[in-house]
Amino acid sequence: MKRFIGFLKKEFYHIFRDKRSMLILFGMPVVQLLLFGFVITNELKDVKMAVLDHSKDEYTSEIINKIVSSGYFKLVENLDNISQVDETFRKGKTKLVLVFEPDFRKKLVKGPHASVQILTDASDPNIANMEVSYLQGILQNYNVEINRGKQVTNQIIPKTRMYFNSKLESVYMFVPGIMATILMLVSAMMTSISIAREKEMGTMEILLVSPLRPLQIILGKVTPYLILSFINTLVIIGMGYFVFGVPVLGSFVLLMAESVLFILLALSLGIFISTISNSQQVAMMLSMFALMLPTILLSGFIFPLRNMPLPLQIFSNIIPPRWFIIIIKNIMLKGTGFEFIWKETLILIGMTAGLIGLSVRKFKIRLE
Amino acid sequence: MRTIKYILQKEFLQIFRNKSMLPIIFAMPIIQLCVLVFAATFEMKNTNLYIVDQDLSSHSRQIISKFEASPFFTIKHTDFSIKHAEDELFKDNVDAILHFENGFGNAVDKKEAASVQVLVNAIDASAAGLYNAYILSVIQDYNQKLESSIQTTIKKQAVQQVQNTYSHLFNPEMKYIPYMLPGILVLLITVIGLFLSAMNVVREKEIGTIEQINVTPIKKYQFLIGKLIPFIFIGFFELGIGLILAAFVFKIPILGSVWLIYLVAFIYLLTILGIGLFISTQTDTQQQAMFIAWFFMIIFILMSGLFTPTESMPEWGQKMNLLNPVAYFIKIIRMIMLKGSGFMDILKDLTILSLYSIAMLSFATNRYKKTN
Amino acid sequence: MNTDKKVISVRNLYKRFGSFTANDDLSFDVYKGEIFGFLGANGAGKTTAMKILCGLSYPTSGEIMVAGLDVYKQREELKKNIGYMSQKFSLYEDLTVFENIRFYAGIYGMSSKEIKTKADELLQKLGLVHARNKRIGELPLGWKQKLAFSVAIFHNPGIVFLDEPTGGVDPVTRRQFWDLIYEASRAGITVFVTTHYMDEAEYCDRISIMVDGRIEALDTPEALKKHFKAKDMDEVFLQLARKSNYQE
């Protein structure tokens, strides 16, 4: 035991001595949270818009004003010819062109109606869709406004209520997502690299012939990262709560327990990667490159899994962060207890056991 | 020149001899590209609805049948109990509840304020926004139908109306793959280029060969050019495969010039590899280099506009993006491929990128010290 | 030994890392064609000094000329005239014997034809013709070291620096390695070698013994033994090392 503690100390010393890596390990979650919280957003804002106004009357300028003052759109260019549309799109100067037909005013006042054409740069279909629906909303409001007093029609008003995230704050989904990706990458990457490094440097053999048992070596290797990842978890949840107001409705203890489970899973994945790679380079590329994109894309972090083709949805079942994200969202946003997430928890436990089993087998084969 | 030849020969030998790295360098990006383009989509499918209809009027039924007819929605249950519906929402079994209260149809007929409750499961904010928008648009449609029938009944009243039509240019079918594929391709090229170059020089430090190199009369720039060229080849190769897949498998029309894409890719790779080599010269272990590369990589990617629009970022965020090479290339490659933008259209961005690459390469050369 | 031709001349060399002085006022000369041994315990500052002489590291102060060139100003010119074999094994394990030779010779500017003929001669001499296309990683350590040395002098440098070249090999291989060193010396290459094997010290023409960053003794092995009234170099070294205040 004493020997093990000595070894553990050495490992800690090794890791914490490297200031730059430390800075990155602890700075990464903070920077990511800040980026997601303050910089990156999926909402519309300041969309660059050009106007081709064939009519140029008080109505068109009023409409343009309304659109610009909504904050969603920003007028960047006035065109005078339809032939300029293509060019302005190709130069990427604008994402949207609004075309007012000639005699707009006359048609609006005398009826039956005046029209405006919306041309979008639909190379980004999501944004194009949003642009159109936002514009339609603004135009709809305008219609109501100019007809005020005349009873036109009554409408069915949908009253929307968002459960679990009433203001639809994107930070609510980013905090769990960042937790999953950071813990996954840091734990898996760090362990796999540090074990592969010992193998590459030939120091693994020295450790193996030492009186330390293989299990102790592995434990010594992963414990510092377990602690490190745990601190990261606290930082992410703390920042989410205090800076961005992401709630923790459920049991904090349960949340921590699940996080530790996930960290253990990531660590065993790291160990597994190190058993199949013969150099640091391979370990790094596997743990960063092979894990990074699937972790971001197939975990439901940014893109809803529901929308993906069926084979991908099936494939996403083996992506551990997928289950972890469900678990933490349940605990944090819904405040559910263990009875709602025992299935996901079991899956994570199963994966951890599976990875450890595989690693042990690989390891034994190598020793023989 | 001859010196560079010998370095190149050595680097290529080392790359192609490393049997465990080859699939990671060449196969993995291609596989990821093919798989992940399908994942990066906001296209709506299968929204599970729970309908609580306590009204059972013709209006509520008509609206429900509109949802039934829509390909985006699946009606999981129809019931009277809001309690049960909320339970299902809580268990994530349904994505949204549509609740018609008793008297809804009457209110519509009497032209009073009629409302329908839309309860959305917002556990996934971005999906929830989409569910909501699609549900609202169905109801909106119904409203319009009501409106036109009402208009015909109260004829001749001077209603002023602005109507709108819209067309989606460059991608009328609103497909996601043409938009995401170029971006993901850039991402993969970047990851490979940045990681490999960041690890390269520091690896020689770790195994000790760098000293042997430093004691030779080799020039710094020769050494770095020798390191650079193989990675440019790898990047070009992957770009080529990606474009071929795009054109022939995913049937994305490449509107602009492929040569122009390659020109941009060349300058872009110089920038990325410059950053990578710079990191490599500044670190002591591969692990450290990898970390720093990873750190910048994540920031670059998240801010690049790959998944989220850059224009929605605050002013200072967009200023920061001036230093983000990934943002330039993603923007440019999308412009060239999807909109057919030409050399003059991208000239400004390309110029900035060129200056950037020169700066990074001179940094790397400058910071690589043959002497401690 | 030709004592009028200095190939290395060091005057008042200091190297400090913060408050630690690794090389403390070193002054010595090395003459053309001699085998100059640089002895000392681990951490005595041998490698530091050698790296400065090779232009791999900057001295804090001092006047240093190697092969008639100033290590401050003519660093790159100097590198054409020296060979170096570092403590850390420095051939590429994933390249073959010939590929390693071709690479290093290539960056010294030798033509491919020259490289080919000379490499064949070398492999013949070392008895490694059969290993020409084997990867370095597959070879035993002794072979690797002989190869590393041969690569270091492949471009015919005036001086070769060897940093503990025989670490970890068996006595027979060490003996063979020294045969290679003698051969190089006979061919006119000045050999500057660091070691902590005292029996190897006896093979050198002259040796200097470093303790705690300073040169405590410098002479031929015979003269040193006489001076310290010792029966072998081991004893000389122990007598000097006792003065050290650096205890491990």
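Helix 6 (residues 171-186) of chain C lies across strand 3 (35-40), strand 7 and strand 8 (190-195) of chain C, and its direction makes about 150° with that of strand 8 of chain C. Helices here are DSSP runs of H or I with at least four residues, strands are E runs of at least two, and both are numbered from the N terminus. Angles run from 0 to 180 degrees between N-to-C directions, using axes fitted as lines to C-alpha atoms, for helices over the stretch in contact.

A word on the source: this is a predicted model, where local features need pLDDT of at least 70 and side-chain atom pairs count only at pLDDT 80 or more, while totals for chains, interfaces and linings use all residues. Residues are numbered from 1 along each chain as its sequence is written, and chains are lettered from A and ligands numbered from 1 in the order in which they are written.

**The chain C sheet**

The open sheet in chain C has 6 strands in the order 6-7-8-3-9-10, with mixed pairing. Strands pair if DSSP finds at least two bridges between them. Strand 6 and strand 10 (214-219) of chain C sit at the edges with a single partner strand each, so one side of each has no neighbour in the sheet. From one strand to the next, the twist averages 15°. Strand 9 (residues 206-211) of chain C runs antiparallel to strand 10 of chain C, joined by 5 bridges; one of the pairs is C:Ser208 with C:Leu218. Helix 5 (residues 141-152) of chain C also packs on this sheet, touching strand 6 and strand 7 (159-163) of chain C, at about 160° to strand 6 of chain C.

**A sheet shared by chains A and B**

Another open sheet mixes two chains: its 5 strands run in the order 5(A)-4(B)-3(B)-1(B)-2(B), and the pairing is mixed. At the edges stand strand 5 (156-163) of chain A and strand 2 (73-79) of chain B, each with a single partner strand, so each has one side without a neighbour in the sheet. Ignoring direction, neighbouring strands are turned by 25° against each other on average. Strand 5 of chain A and strand 4 of chain B run parallel, with 8 bridges, and A:Thr160 is opposite B:Val118. Strand 4 (residues 114-121) of chain A also pairs with strand 5 of chain B, parallel over 8 bridges; there A:Thr120 has B:His168 as its bridge partner.

**The chain contacts**

Residues are in contact if their C-beta atoms, placed from the backbone, lie within 7 Å. For the classes, Ala, Val, Leu, Ile, Met, Phe, Trp, Tyr, Cys and Pro count as nonpolar, Asp, Glu, Lys and Arg as charged, and the others, Gly among them, as polar.

| Side | Nonpolar | Polar | Charged |
|---|---|---|---|
| Chain B touching chain A | 58 residues | 29 residues | 12 residues |
| Chain C touching chain B | 11 residues | 6 residues | 7 residues |

Chain B puts 99 residues into its contact with chain A, which supplies 100 residues. Helix 6 of chain B gives the most to chain B's side, with 15 residues. The contact of chain C with chain B takes 24 residues from chain C and 20 residues from chain B. Helix 2 (75-80), strand 6 (82-85) and helix 3 (97-107) of chain C each supply at least two residues of chain C's side.

Conventions:
Contact = placed C-beta atoms within 7 Å.
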